[in-house]
Amino acid sequence: MTEPAFQDLIPHNHCYGCGPLNQQGLQIKSHWDGEDEAVCHYQPLTHHAAGPTHVLNGGIIATLIDCHGICTAVADGYRQEDREIGSPPDLWFATASLEVRYLRPAPLAAEVEIRARIVAREERKTHLDCTLTSAGKVRAEGTVVAVRVPASWRDAG
């Protein structure tokens, strides 16, 4: 990919799944692949195993779908406002809803591809359909509803 990943342009992102500022996290990288679809490729590590050491943990799968979906919504929000990702004022989305359907085990040793497709936009919400594919088969499907939150949300707490 020649363009920077969405995550590398989102300021102050410490998220476990997608934050480049979280050295312990997954640090996924997402890019546009068409008008309303984004893709992420990720190589799981051995400590991402489920009970069986050759299978990817379901929580990691959910995190990959969630974070890729949210970052796609953020990138789309900036695009809808005709702004560069990360340009002020900061634009933030949070997970309003996440549904994951596990279809078959994902092999731990194989790279996974996560795709998020925007299916609807509302005033403050973006709805996305996601798939996680590995070794040529869809392993999980998900839906993400991302809700736009004020930048102050990041600093509250």
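Author: Two strands count as paired if DSSP finds at least two bridges between them. In this predicted model, E4 and E5 form a hairpin with three residues between them.

Reader: How many bridges join E4 to E5, and in which sense do these strands run?

Author: E4 and E5 run antiparallel and are joined by nine bridges. One of the positions to inspect is Val-112, whose bridge partner in E5 is Ser-134.

Reader: How many residues lie between the strands in the hairpin of E5 and E6, and which residue there takes a positive phi?

Author: Two residues separate the strands of that hairpin, and Ala-135 has a positive phi near 50 degrees. Strand E5 (residues 125-134) pairs with strand E6 (residues 137-149) over ten bridges, in the antiparallel sense. Within E6, Val-138 is the bridge partner of Thr-133, and Val-144 stands opposite Leu-128.

Reader: In what order do the six strands form the open sheet?

Author: The order is E1-E2-E4-E5-E6-E3, with antiparallel pairing. Strand E1 (30-32) and strand E3 (92-102) each have a single partner strand, so these two stand at the edges and one side of each lacks a neighbour in the sheet. From one strand to the next, the twist averages 25 degrees.

Reader: Which strands does helix H2 touch?

Author: Helix H2 (residues 58-80) packs on the sheet and touches E1, strand E2 (37-42), E3, strand E4 (112-121), E5 and E6. The directions of H2 and E3 make an angle of about 140 degrees.

Reader: Which residue lies over the face of Trp-32?

Author: Arg-79 does, at 3.8 Å from the ring centre. As for aromatic pairs, a search of the whole structure finds one.

Terms used: Residues numbered from 1 in each chain as written. Predicted model: local features only at pLDDT ≥ 70, side-chain atom pairs only at ≥ 80, totals over all residues. Heavy atoms only, no water. Phe/Tyr/Trp six-rings, centres within 6.5 Å; stacked < 30°, edge-to-face > 60°. Lys NZ or Arg CZ within 6 Å of the ring centre and 35° of its normal. Helix = DSSP H or I, 4+ residues; strand = E, 2+ residues; numbered from the N terminus. Axes fitted to C-alpha atoms, helices over the stretch in contact; angles between N-to-C directions. Contact = heavy atoms within 4.5 Å.
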